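Visitor: Please show me the model, and then take me through how its chains meet.

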Number of protein chains: 4
Amino acid sequence: MKLVMDAQEVEAYIAEVFPQVEDYQFKIDKLNTGTISVSMKTREAHLRPGGTISGPTMFTLADCASYLIVLAHIGKVALAVTTNLNINFISKPEGDLVADAKLLKLGKRLAVCEISILTKTDRKLVAHATATYSIPPR
Amino acid sequence: MKLVMDAQEVEAYIAEVFPQVEDYQFKIDKLNTGTISVSMKTREAHLRPGGTISGPTMFTLADCASYLIVLAHIGKVALAVTTNLNINFISKPEGDLVADAKLLKLGKRLAVCEISILTKTDRKLVAHATATYSIPPR
Amino acid sequence: MKLVMDAQEVEAYIAEVFPQVEDYQFKIDKLNTGTISVSMKTREAHLRPGGTISGPTMFTLADCASYLIVLAHIGKVALAVTTNLNINFISKPEGDLVADAKLLKLGKRLAVCEISILTKTDRKLVAHATATYSIPPR
Amino acid sequence: MKLVMDAQEVEAYIAEVFPQVEDYQFKIDKLNTGTISVSMKTREAHLRPGGTISGPTMFTLADCASYLIVLAHIGKVALAVTTNLNINFISKPEGDLVADAKLLKLGKRLAVCEISILTKTDRKLVAHATATYSIPPR
(Lines give C-alpha, C1' and ligand atoms only; values in the text may rest on other atoms or scores of the structure.)
Protein backbone atom coordinates (compact mmCIF):
# COMPACT_ATOMS: atom_id res chain seq x y z
CA MET A 1 0.00 0.00 0.00
CA LYS A 2 1.06 3.56 -0.81
CA LEU A 3 -0.31 7.02 0.03
CA VAL A 4 -1.81 8.90 -2.94
CA MET A 5 -2.90 12.03 -1.00
CA ASP A 6 -1.12 14.01 1.72
CA ALA A 7 -2.63 15.20 5.01
CA GLN A 8 -3.49 18.61 3.61
CA GLU A 9 -5.34 17.18 0.61
CA VAL A 10 -7.23 14.70 2.80
CA GLU A 11 -8.15 17.40 5.30
CA ALA A 12 -9.43 19.67 2.57
CA TYR A 13 -11.56 16.79 1.42
CA ILE A 14 -13.17 16.13 4.83
CA ALA A 15 -15.61 19.02 4.58
CA GLU A 16 -16.98 17.65 1.32
CA VAL A 17 -17.74 14.15 2.61
CA PHE A 18 -18.44 14.83 6.28
CA PRO A 19 -21.06 17.55 6.53
CA GLN A 20 -20.66 17.32 10.32
CA VAL A 21 -17.14 18.64 10.01
CA GLU A 22 -17.89 21.97 11.69
CA ASP A 23 -19.47 20.24 14.67
CA TYR A 24 -16.41 18.08 15.20
CA GLN A 25 -13.52 20.16 13.89
CA PHE A 26 -11.76 17.03 12.67
CA LYS A 27 -8.02 17.53 12.25
CA ILE A 28 -5.40 15.18 10.84
CA ASP A 29 -2.58 15.06 13.38
CA LYS A 30 -0.52 12.46 11.51
CA LEU A 31 -0.71 10.58 8.23
CA ASN A 32 1.66 7.80 7.23
CA THR A 33 1.47 4.78 4.98
CA GLY A 34 -1.20 2.60 6.56
CA THR A 35 -1.91 4.81 9.59
CA ILE A 36 -3.67 8.07 10.45
CA SER A 37 -4.45 10.07 13.59
CA VAL A 38 -7.57 12.24 13.49
CA SER A 39 -8.56 14.42 16.43
CA MET A 40 -11.83 16.17 17.25
CA LYS A 41 -13.03 18.88 19.62
CA THR A 42 -15.72 17.70 22.02
CA ARG A 43 -18.62 20.13 22.35
CA GLU A 44 -21.87 20.34 24.29
CA ALA A 45 -23.80 18.57 21.51
CA HIS A 46 -21.59 15.47 21.84
CA LEU A 47 -22.38 14.88 25.50
CA ARG A 48 -24.86 12.66 27.30
CA PRO A 49 -26.27 13.51 30.71
CA GLY A 50 -23.47 12.95 33.24
CA GLY A 51 -20.87 14.44 30.93
CA THR A 52 -19.96 11.29 29.00
CA ILE A 53 -19.40 11.58 25.26
CA SER A 54 -22.18 9.90 23.26
CA GLY A 55 -21.73 6.65 21.35
CA PRO A 56 -22.73 8.24 18.04
CA THR A 57 -19.97 10.84 18.51
CA MET A 58 -17.36 8.09 18.88
CA PHE A 59 -18.86 6.14 15.97
CA THR A 60 -18.57 9.27 13.81
CA LEU A 61 -14.93 9.79 14.77
CA ALA A 62 -14.08 6.10 14.13
CA ASP A 63 -15.86 6.16 10.76
CA CYS A 64 -14.22 9.44 9.77
CA ALA A 65 -10.67 8.33 10.65
CA SER A 66 -10.94 4.98 8.89
CA TYR A 67 -12.68 6.49 5.87
CA LEU A 68 -9.91 9.05 5.52
CA ILE A 69 -7.11 6.49 5.77
CA VAL A 70 -8.79 4.49 3.01
CA LEU A 71 -9.21 7.59 0.82
CA ALA A 72 -5.59 8.62 1.42
CA HIS A 73 -4.58 5.32 -0.22
CA ILE A 74 -7.11 5.06 -3.05
CA GLY A 75 -7.68 8.74 -3.89
CA LYS A 76 -10.79 10.84 -3.67
CA VAL A 77 -12.00 9.80 -7.09
CA ALA A 78 -13.08 6.48 -5.67
CA LEU A 79 -16.28 6.35 -3.64
CA ALA A 80 -15.75 3.92 -0.78
CA VAL A 81 -18.80 2.89 1.22
CA THR A 82 -18.82 1.66 4.84
CA THR A 83 -20.26 -1.87 4.86
CA ASN A 84 -19.62 -2.85 8.50
CA LEU A 85 -18.52 -1.11 11.67
CA ASN A 86 -18.11 -2.89 14.99
CA ILE A 87 -17.37 -0.76 18.04
CA ASN A 88 -16.56 -1.70 21.64
CA PHE A 89 -16.92 1.00 24.26
CA ILE A 90 -14.11 0.56 26.76
CA SER A 91 -14.09 3.36 29.32
CA LYS A 92 -15.75 6.68 30.07
CA PRO A 93 -14.62 9.28 27.53
CA GLU A 94 -13.95 12.87 28.53
CA GLY A 95 -12.52 15.91 26.79
CA ASP A 96 -11.16 16.02 23.26
CA LEU A 97 -10.61 12.72 21.48
CA VAL A 98 -8.19 11.29 18.94
CA ALA A 99 -8.66 8.27 16.67
CA ASP A 100 -5.62 6.23 15.63
CA ALA A 101 -6.66 4.20 12.59
CA LYS A 102 -4.66 1.50 10.85
CA LEU A 103 -5.30 -0.17 7.50
CA LEU A 104 -5.37 -3.94 8.09
CA LYS A 105 -6.20 -4.70 4.48
CA LEU A 106 -6.39 -2.76 1.25
CA GLY A 107 -7.74 -5.14 -1.35
CA LYS A 108 -9.26 -4.49 -4.75
CA ARG A 109 -12.80 -4.70 -3.39
CA LEU A 110 -12.54 -4.40 0.39
CA ALA A 111 -10.53 -2.36 2.88
CA VAL A 112 -10.47 -3.22 6.58
CA CYS A 113 -9.37 -0.80 9.32
CA GLU A 114 -8.79 -0.99 13.04
CA ILE A 115 -9.40 2.14 15.11
CA SER A 116 -8.45 3.05 18.69
CA ILE A 117 -10.21 6.07 20.19
CA LEU A 118 -8.21 7.76 22.93
CA THR A 119 -8.54 10.81 25.12
CA LYS A 120 -6.41 13.57 23.66
CA THR A 121 -4.73 14.61 26.88
CA ASP A 122 -3.71 11.32 28.53
CA ARG A 123 -4.24 8.82 25.68
CA LYS A 124 -6.57 6.60 27.69
CA LEU A 125 -8.36 4.07 25.44
CA VAL A 126 -12.09 4.85 25.42
CA ALA A 127 -13.31 2.81 22.44
CA HIS A 128 -12.02 0.35 19.86
CA ALA A 129 -13.53 -0.35 16.45
CA THR A 130 -13.05 -2.23 13.21
CA ALA A 131 -14.58 -1.07 9.95
CA THR A 132 -14.93 -2.50 6.46
CA TYR A 133 -15.28 -0.44 3.28
CA SER A 134 -16.40 -1.59 -0.13
CA ILE A 135 -14.22 -0.10 -2.85
CA PRO A 136 -15.86 0.44 -6.24
CA PRO A 137 -14.16 -0.89 -9.37
CA ARG A 138 -11.36 1.49 -10.38
CA MET B 1 -39.29 -10.19 30.31
CA LYS B 2 -41.96 -7.61 31.09
CA LEU B 3 -42.50 -3.94 30.20
CA VAL B 4 -42.13 -1.51 33.11
CA MET B 5 -42.73 1.71 31.12
CA ASP B 6 -45.25 2.51 28.39
CA ALA B 7 -44.51 4.24 25.07
CA GLN B 8 -45.48 7.65 26.43
CA GLU B 9 -43.17 7.37 29.42
CA VAL B 10 -40.30 6.13 27.28
CA GLU B 11 -40.83 8.89 24.73
CA ALA B 12 -40.85 11.54 27.42
CA TYR B 13 -37.55 10.11 28.60
CA ILE B 14 -35.84 10.27 25.20
CA ALA B 15 -35.15 13.99 25.38
CA GLU B 16 -33.30 13.53 28.66
CA VAL B 17 -30.90 10.84 27.42
CA PHE B 18 -30.61 11.73 23.73
CA PRO B 19 -29.71 15.39 23.45
CA GLN B 20 -29.90 14.94 19.68
CA VAL B 21 -33.63 14.36 19.94
CA GLU B 22 -34.59 17.59 18.23
CA ASP B 23 -32.36 16.82 15.27
CA TYR B 24 -33.95 13.43 14.80
CA GLN B 25 -37.50 13.84 16.08
CA PHE B 26 -37.47 10.26 17.35
CA LYS B 27 -40.97 8.85 17.80
CA ILE B 28 -42.08 5.53 19.23
CA ASP B 29 -44.45 3.98 16.72
CA LYS B 30 -44.97 0.72 18.63
CA LEU B 31 -43.87 -0.77 21.94
CA ASN B 32 -44.55 -4.35 22.98
CA THR B 33 -42.91 -6.83 25.28
CA GLY B 34 -39.49 -7.42 23.72
CA THR B 35 -39.97 -5.21 20.66
CA ILE B 36 -40.06 -1.52 19.74
CA SER B 37 -40.34 0.57 16.57
CA VAL B 38 -38.73 3.99 16.62
CA SER B 39 -38.93 6.34 13.65
CA MET B 40 -36.96 9.47 12.79
CA LYS B 41 -37.25 12.38 10.37
CA THR B 42 -34.32 12.65 7.98
CA ARG B 43 -33.00 16.18 7.61
CA GLU B 44 -30.27 17.95 5.64
CA ALA B 45 -27.74 17.41 8.45
CA HIS B 46 -28.12 13.62 8.17
CA LEU B 47 -27.14 13.44 4.52
CA ARG B 48 -23.87 12.73 2.74
CA PRO B 49 -23.09 14.12 -0.69
CA GLY B 50 -25.22 12.19 -3.21
CA GLY B 51 -28.20 12.24 -0.88
CA THR B 52 -27.45 9.08 1.07
CA ILE B 53 -28.09 9.11 4.82
CA SER B 54 -24.84 9.06 6.83
CA GLY B 55 -23.63 6.04 8.79
CA PRO B 56 -23.57 7.98 12.08
CA THR B 57 -27.25 8.86 11.58
CA MET B 58 -28.15 5.18 11.29
CA PHE B 59 -25.88 4.27 14.20
CA THR B 60 -27.70 6.88 16.30
CA LEU B 61 -31.11 5.51 15.36
CA ALA B 62 -30.01 1.90 16.07
CA ASP B 63 -28.51 2.87 19.42
CA CYS B 64 -31.58 4.92 20.36
CA ALA B 65 -34.11 2.20 19.52
CA SER B 66 -32.22 -0.56 21.32
CA TYR B 67 -31.47 1.65 24.32
CA LEU B 68 -35.15 2.50 24.63
CA ILE B 69 -36.31 -1.11 24.43
CA VAL B 70 -33.86 -1.97 27.23
CA LEU B 71 -35.05 0.95 29.37
CA ALA B 72 -38.69 0.05 28.76
CA HIS B 73 -37.95 -3.28 30.45
CA ILE B 74 -35.63 -2.22 33.27
CA GLY B 75 -36.97 1.26 34.05
CA LYS B 76 -35.29 4.62 33.78
CA VAL B 77 -33.74 4.42 37.21
CA ALA B 78 -31.14 2.03 35.86
CA LEU B 79 -28.29 3.45 33.81
CA ALA B 80 -27.54 1.04 31.00
CA VAL B 81 -24.38 1.63 28.98
CA THR B 82 -23.73 0.51 25.39
CA THR B 83 -20.73 -1.83 25.42
CA ASN B 84 -20.80 -3.07 21.82
CA LEU B 85 -22.58 -2.14 18.61
CA ASN B 86 -22.06 -3.92 15.32
CA ILE B 87 -23.74 -2.50 12.24
CA ASN B 88 -23.97 -3.77 8.66
CA PHE B 89 -24.98 -1.29 5.99
CA ILE B 90 -27.20 -3.11 3.52
CA SER B 91 -28.60 -0.71 0.91
CA LYS B 92 -28.79 2.98 0.11
CA PRO B 93 -31.08 4.73 2.61
CA GLU B 94 -33.44 7.49 1.56
CA GLY B 95 -36.20 9.44 3.26
CA ASP B 96 -37.46 8.91 6.80
CA LEU B 97 -36.29 5.79 8.63
CA VAL B 98 -37.69 3.41 11.20
CA ALA B 99 -35.79 1.04 13.51
CA ASP B 100 -37.42 -2.22 14.59
CA ALA B 101 -35.52 -3.41 17.66
CA LYS B 102 -35.92 -6.72 19.45
CA LEU B 103 -34.55 -7.81 22.82
CA LEU B 104 -32.61 -11.05 22.28
CA LYS B 105 -31.52 -11.25 25.89
CA LEU B 106 -32.33 -9.42 29.11
CA GLY B 107 -29.99 -10.79 31.74
CA LYS B 108 -29.01 -9.41 35.11
CA ARG B 109 -25.84 -7.83 33.73
CA LEU B 110 -26.19 -7.77 29.96
CA ALA B 111 -28.94 -7.04 27.46
CA VAL B 112 -28.55 -7.88 23.76
CA CYS B 113 -30.69 -6.36 20.99
CA GLU B 114 -31.10 -6.87 17.27
CA ILE B 115 -32.11 -3.88 15.16
CA SER B 116 -33.37 -3.62 11.57
CA ILE B 117 -33.34 -0.15 10.02
CA LEU B 118 -35.91 0.29 7.26
CA THR B 119 -37.13 3.07 5.03
CA LYS B 120 -40.36 4.42 6.44
CA THR B 121 -42.34 4.43 3.21
CA ASP B 122 -41.55 1.05 1.63
CA ARG B 123 -39.87 -0.81 4.51
CA LYS B 124 -36.71 -1.60 2.54
CA LEU B 125 -33.92 -2.90 4.81
CA VAL B 126 -31.08 -0.36 4.80
CA ALA B 127 -29.01 -1.47 7.81
CA HIS B 128 -28.92 -4.22 10.44
CA ALA B 129 -27.28 -4.01 13.85
CA THR B 130 -26.78 -5.84 17.11
CA ALA B 131 -26.05 -4.02 20.34
CA THR B 132 -25.04 -5.03 23.86
CA TYR B 133 -25.77 -3.02 26.99
CA SER B 134 -24.24 -3.42 30.42
CA ILE B 135 -26.89 -3.17 33.14
CA PRO B 136 -25.74 -1.83 36.50
CA PRO B 137 -26.56 -3.78 39.68
CA ARG B 138 -30.18 -3.10 40.65
CA MET C 1 -33.32 -13.31 -4.94
CA LYS C 2 -34.11 -16.79 -6.19
CA LEU C 3 -33.00 -20.30 -5.22
CA VAL C 4 -30.75 -22.02 -7.76
CA MET C 5 -30.19 -25.26 -5.79
CA ASP C 6 -32.65 -27.36 -3.78
CA ALA C 7 -32.05 -28.75 -0.26
CA GLN C 8 -30.85 -32.09 -1.58
CA GLU C 9 -28.26 -30.52 -3.87
CA VAL C 10 -27.04 -28.19 -1.13
CA GLU C 11 -26.82 -31.02 1.38
CA ALA C 12 -24.83 -33.17 -1.02
CA TYR C 13 -22.48 -30.24 -1.39
CA ILE C 14 -21.85 -29.77 2.36
CA ALA C 15 -19.43 -32.67 2.62
CA GLU C 16 -17.24 -31.13 -0.08
CA VAL C 17 -16.89 -27.72 1.54
CA PHE C 18 -17.19 -28.60 5.23
CA PRO C 19 -14.72 -31.36 6.03
CA GLN C 20 -16.11 -31.31 9.57
CA VAL C 21 -19.43 -32.60 8.29
CA GLU C 22 -19.11 -36.02 9.90
CA ASP C 23 -18.40 -34.48 13.28
CA TYR C 24 -21.50 -32.34 13.09
CA GLN C 25 -23.91 -34.32 10.94
CA PHE C 26 -25.30 -31.11 9.47
CA LYS C 27 -28.77 -31.55 8.02
CA ILE C 28 -30.94 -29.09 6.10
CA ASP C 29 -34.34 -29.07 7.79
CA LYS C 30 -35.83 -26.37 5.58
CA LEU C 31 -34.78 -24.30 2.57
CA ASN C 32 -36.82 -21.46 1.13
CA THR C 33 -36.06 -18.32 -0.82
CA GLY C 34 -33.92 -16.26 1.52
CA THR C 35 -34.04 -18.63 4.52
CA ILE C 36 -32.56 -21.95 5.65
CA SER C 37 -32.64 -24.14 8.78
CA VAL C 38 -29.59 -26.33 9.39
CA SER C 39 -29.41 -28.68 12.37
CA MET C 40 -26.46 -30.49 13.93
CA LYS C 41 -25.93 -33.35 16.39
CA THR C 42 -24.00 -32.30 19.48
CA ARG C 43 -21.28 -34.78 20.46
CA GLU C 44 -18.67 -35.11 23.18
CA ALA C 45 -16.08 -33.21 21.12
CA HIS C 46 -18.32 -30.12 21.01
CA LEU C 47 -18.56 -29.73 24.78
CA ARG C 48 -16.67 -27.63 27.31
CA PRO C 49 -16.24 -28.70 30.91
CA GLY C 50 -19.62 -28.26 32.61
CA GLY C 51 -21.47 -29.60 29.59
CA THR C 52 -21.86 -26.34 27.70
CA ILE C 53 -21.38 -26.41 23.93
CA SER C 54 -18.18 -24.65 22.86
CA GLY C 55 -18.11 -21.30 21.09
CA PRO C 56 -16.26 -22.72 18.07
CA THR C 57 -19.02 -25.30 17.63
CA MET C 58 -21.64 -22.57 17.43
CA PHE C 59 -19.42 -20.48 15.15
CA THR C 60 -19.10 -23.48 12.83
CA LEU C 61 -22.86 -24.01 12.73
CA ALA C 62 -23.52 -20.30 12.09
CA ASP C 63 -20.91 -20.17 9.33
CA CYS C 64 -22.20 -23.39 7.76
CA ALA C 65 -25.85 -22.30 7.70
CA SER C 66 -25.14 -18.87 6.28
CA TYR C 67 -22.65 -20.21 3.76
CA LEU C 68 -25.23 -22.73 2.53
CA ILE C 69 -28.00 -20.15 2.16
CA VAL C 70 -25.64 -18.02 0.06
CA LEU C 71 -24.65 -21.01 -2.10
CA ALA C 72 -28.27 -22.03 -2.55
CA HIS C 73 -28.83 -18.64 -4.21
CA ILE C 74 -25.63 -18.24 -6.23
CA GLY C 75 -24.83 -21.87 -7.10
CA LYS C 76 -21.88 -24.00 -6.17
CA VAL C 77 -19.79 -22.80 -9.07
CA ALA C 78 -19.15 -19.58 -7.23
CA LEU C 79 -16.62 -19.57 -4.42
CA ALA C 80 -17.92 -17.30 -1.67
CA VAL C 81 -15.54 -16.40 1.14
CA THR C 82 -16.50 -15.37 4.70
CA THR C 83 -15.15 -11.86 5.28
CA ASN C 84 -16.75 -11.08 8.66
CA LEU C 85 -18.65 -12.99 11.32
CA ASN C 86 -19.95 -11.40 14.49
CA ILE C 87 -21.46 -13.69 17.12
CA ASN C 88 -23.22 -12.93 20.41
CA PHE C 89 -23.56 -15.78 22.89
CA ILE C 90 -26.95 -15.44 24.55
CA SER C 91 -27.65 -18.39 26.86
CA LYS C 92 -26.22 -21.76 27.84
CA PRO C 93 -26.60 -24.22 24.94
CA GLU C 94 -27.49 -27.85 25.51
CA GLY C 95 -28.39 -30.78 23.29
CA ASP C 96 -28.74 -30.66 19.53
CA LEU C 97 -28.81 -27.27 17.85
CA VAL C 98 -30.45 -25.67 14.84
CA ALA C 99 -29.41 -22.54 12.95
CA ASP C 100 -32.07 -20.43 11.25
CA ALA C 101 -30.27 -18.25 8.71
CA LYS C 102 -31.74 -15.42 6.66
CA LEU C 103 -30.24 -13.58 3.69
CA LEU C 104 -30.36 -9.86 4.49
CA LYS C 105 -28.58 -8.89 1.29
CA LEU C 106 -27.51 -10.66 -1.86
CA GLY C 107 -25.54 -8.16 -3.87
CA LYS C 108 -23.15 -8.62 -6.75
CA ARG C 109 -20.11 -8.55 -4.48
CA LEU C 110 -21.37 -9.05 -0.93
CA ALA C 111 -23.96 -11.20 0.79
CA VAL C 112 -25.03 -10.53 4.39
CA CYS C 113 -26.81 -13.09 6.59
CA GLU C 114 -28.38 -13.10 10.01
CA ILE C 115 -28.32 -16.35 12.00
CA SER C 116 -30.20 -17.44 15.14
CA ILE C 117 -28.89 -20.55 16.87
CA LEU C 118 -31.53 -22.37 18.88
CA THR C 119 -31.78 -25.55 20.90
CA LYS C 120 -33.44 -28.20 18.77
CA THR C 121 -35.94 -29.40 21.36
CA ASP C 122 -37.37 -26.19 22.85
CA ARG C 123 -36.09 -23.54 20.40
CA LYS C 124 -34.40 -21.46 23.08
CA LEU C 125 -32.09 -18.81 21.54
CA VAL C 126 -28.48 -19.63 22.48
CA ALA C 127 -26.52 -17.46 20.05
CA HIS C 128 -27.07 -14.84 17.36
CA ALA C 129 -24.72 -13.98 14.53
CA THR C 130 -24.33 -11.90 11.40
CA ALA C 131 -21.97 -12.91 8.61
CA THR C 132 -20.70 -11.28 5.43
CA TYR C 133 -19.49 -13.17 2.35
CA SER C 134 -17.51 -11.83 -0.56
CA ILE C 135 -18.86 -13.17 -3.85
CA PRO C 136 -16.36 -13.53 -6.69
CA PRO C 137 -17.15 -12.00 -10.11
CA ARG C 138 -19.54 -14.31 -11.99
CA MET D 1 -3.74 -5.13 35.35
CA LYS D 2 -1.33 -7.75 36.66
CA LEU D 3 -0.56 -11.38 35.75
CA VAL D 4 -1.67 -13.96 38.32
CA MET D 5 -0.54 -17.07 36.41
CA ASP D 6 2.64 -17.73 34.41
CA ALA D 7 2.82 -19.27 30.93
CA GLN D 8 3.43 -22.76 32.30
CA GLU D 9 0.38 -22.62 34.57
CA VAL D 10 -1.82 -21.25 31.81
CA GLU D 11 -0.60 -23.85 29.34
CA ALA D 12 -1.28 -26.66 31.79
CA TYR D 13 -4.78 -25.27 32.12
CA ILE D 14 -5.53 -25.23 28.37
CA ALA D 15 -6.22 -28.96 28.16
CA GLU D 16 -8.88 -28.67 30.84
CA VAL D 17 -10.87 -25.90 29.14
CA PHE D 18 -10.16 -26.58 25.48
CA PRO D 19 -10.94 -30.21 24.73
CA GLN D 20 -9.72 -29.53 21.19
CA VAL D 21 -6.23 -29.01 22.49
CA GLU D 22 -4.80 -32.15 20.93
CA ASP D 23 -6.17 -31.21 17.52
CA TYR D 24 -4.53 -27.81 17.66
CA GLN D 25 -1.46 -28.30 19.85
CA PHE D 26 -1.85 -24.80 21.26
CA LYS D 27 1.40 -23.45 22.70
CA ILE D 28 2.05 -20.21 24.57
CA ASP D 29 4.99 -18.53 22.87
CA LYS D 30 4.96 -15.40 25.05
CA LEU D 31 3.00 -14.09 28.01
CA ASN D 32 3.36 -10.58 29.42
CA THR D 33 1.13 -8.21 31.30
CA GLY D 34 -1.74 -7.51 28.93
CA THR D 35 -0.44 -9.56 25.98
CA ILE D 36 -0.08 -13.20 24.91
CA SER D 37 1.09 -15.10 21.82
CA VAL D 38 -0.48 -18.52 21.25
CA SER D 39 0.54 -20.70 18.32
CA MET D 40 -1.12 -23.76 16.77
CA LYS D 41 -0.15 -26.53 14.38
CA THR D 42 -2.32 -26.66 11.26
CA ARG D 43 -3.46 -30.16 10.34
CA GLU D 44 -5.55 -31.79 7.62
CA ALA D 45 -8.76 -31.38 9.67
CA HIS D 46 -8.35 -27.59 9.71
CA LEU D 47 -8.32 -27.19 5.94
CA ARG D 48 -11.00 -26.35 3.40
CA PRO D 49 -10.83 -27.54 -0.19
CA GLY D 50 -8.11 -25.53 -1.91
CA GLY D 51 -5.85 -25.73 1.11
CA THR D 52 -7.12 -22.66 2.97
CA ILE D 53 -7.51 -22.89 6.73
CA SER D 54 -11.18 -22.94 7.81
CA GLY D 55 -12.90 -20.01 9.51
CA PRO D 56 -13.83 -22.13 12.56
CA THR D 57 -10.15 -23.00 13.03
CA MET D 58 -9.21 -19.33 13.18
CA PHE D 59 -12.19 -18.56 15.42
CA THR D 60 -11.00 -21.29 17.80
CA LEU D 61 -7.46 -19.90 17.89
CA ALA D 62 -8.73 -16.33 18.47
CA ASP D 63 -11.09 -17.48 21.23
CA CYS D 64 -8.36 -19.61 22.85
CA ALA D 65 -5.73 -16.85 22.88
CA SER D 66 -8.05 -14.19 24.25
CA TYR D 67 -9.57 -16.56 26.81
CA LEU D 68 -6.10 -17.45 28.06
CA ILE D 69 -4.96 -13.83 28.38
CA VAL D 70 -8.07 -13.12 30.46
CA LEU D 71 -7.48 -16.18 32.67
CA ALA D 72 -3.81 -15.26 33.13
CA HIS D 73 -5.02 -12.02 34.73
CA ILE D 74 -8.00 -13.22 36.76
CA GLY D 75 -6.90 -16.75 37.69
CA LYS D 76 -8.40 -20.08 36.79
CA VAL D 77 -10.83 -20.03 39.67
CA ALA D 78 -12.96 -17.57 37.77
CA LEU D 79 -15.15 -18.88 34.98
CA ALA D 80 -15.14 -16.30 32.22
CA VAL D 81 -17.64 -16.73 29.40
CA THR D 82 -17.31 -15.40 25.83
CA THR D 83 -20.21 -13.04 25.17
CA ASN D 84 -19.19 -11.62 21.79
CA LEU D 85 -16.59 -12.37 19.14
CA ASN D 86 -16.24 -10.40 15.95
CA ILE D 87 -13.77 -11.68 13.35
CA ASN D 88 -12.60 -10.22 10.04
CA PHE D 89 -10.89 -12.55 7.62
CA ILE D 90 -8.10 -10.60 5.94
CA SER D 91 -6.04 -12.86 3.67
CA LYS D 92 -5.60 -16.50 2.75
CA PRO D 93 -4.07 -18.40 5.67
CA GLU D 94 -1.48 -21.13 5.14
CA GLY D 95 0.74 -23.19 7.41
CA ASP D 96 0.97 -22.86 11.18
CA LEU D 97 -0.66 -19.86 12.80
CA VAL D 98 -0.02 -17.62 15.78
CA ALA D 99 -2.49 -15.39 17.64
CA ASP D 100 -1.24 -12.20 19.29
CA ALA D 101 -3.90 -11.16 21.81
CA LYS D 102 -4.02 -7.94 23.81
CA LEU D 103 -6.26 -7.04 26.74
CA LEU D 104 -7.99 -3.76 25.88
CA LYS D 105 -10.03 -3.76 29.07
CA LEU D 106 -10.09 -5.77 32.27
CA GLY D 107 -13.05 -4.53 34.25
CA LYS D 108 -14.92 -6.09 37.14
CA ARG D 109 -17.58 -7.54 34.87
CA LEU D 110 -16.22 -7.41 31.33
CA ALA D 111 -12.90 -8.03 29.63
CA VAL D 112 -12.29 -6.98 26.02
CA CYS D 113 -9.47 -8.36 23.85
CA GLU D 114 -8.08 -7.64 20.42
CA ILE D 115 -6.51 -10.51 18.49
CA SER D 116 -4.33 -10.59 15.37
CA ILE D 117 -3.92 -13.98 13.68
CA LEU D 118 -0.71 -14.26 11.69
CA THR D 119 1.08 -16.92 9.71
CA LYS D 120 3.83 -18.40 11.88
CA THR D 121 6.61 -18.23 9.30
CA ASP D 122 6.27 -14.77 7.76
CA ARG D 123 3.83 -13.06 10.17
CA LYS D 124 1.35 -12.12 7.46
CA LEU D 125 -1.98 -10.95 8.96
CA VAL D 126 -4.70 -13.45 8.05
CA ALA D 127 -7.49 -12.50 10.46
CA HIS D 128 -8.32 -9.91 13.11
CA ALA D 129 -10.81 -10.28 15.93
CA THR D 130 -12.19 -8.62 19.04
CA ALA D 131 -13.75 -10.62 21.85
CA THR D 132 -15.67 -9.80 25.01
CA TYR D 133 -15.80 -11.98 28.12
CA SER D 134 -18.20 -11.76 31.02
CA ILE D 135 -16.38 -12.20 34.33
CA PRO D 136 -18.39 -13.70 37.17
CA PRO D 137 -18.48 -11.92 40.55
CA ARG D 138 -15.26 -12.71 42.46
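Guide: The questions below deal with symmetry first and the interface after that. Residues are numbered from 1 along each chain as its sequence is written, and chains are lettered from A and ligands numbered from 1 in the order in which they are written. The model is predicted: local features need pLDDT of at least 70 and side-chain atom pairs pLDDT 80 or more, while totals for chains, interfaces and linings use all residues.

Visitor: What kind of axis relates chain B to chain A?

Guide: Copies are superposed by least squares on C-alpha atoms of residues with pLDDT of at least 70 in both. Chain B falls on chain A after a rotation of 180° with 0.0 Å of shift along the axis, at RMSD 0.0 Å. The relation is therefore that of a two-fold axis.

Visitor: Which residue of chain B comes closest to the rotation axis?

Guide: The distance is taken at the C-alpha and comes to 2.1 Å. The residue is N86(B).

Visitor: Which element gives the largest share of the side of chain B that touches chain A?

Guide: Contact means C-beta atoms, placed from the backbone, within 7 Å; 20 residues of chain B are in contact with 20 of chain A. Two or more residues each come from α1 (7-17), α3 (55-74) and β3 (81-89) of chain B (DSSP runs numbered from the N terminus: helices H or I of at least four residues, strands E of at least two). With 8 residues, the largest share belongs to β3(B).

Visitor: Which residue of β3(B) stands opposite N84(A)?

Guide: Strand β3 of chain A and β3(B) run antiparallel, joined by 5 bridges; pairing requires at least two DSSP bridges. Opposite N84(A) stands N88(B).

Key. Two residues are in contact if their C-beta atoms, placed from the backbone, lie within 7 Å.
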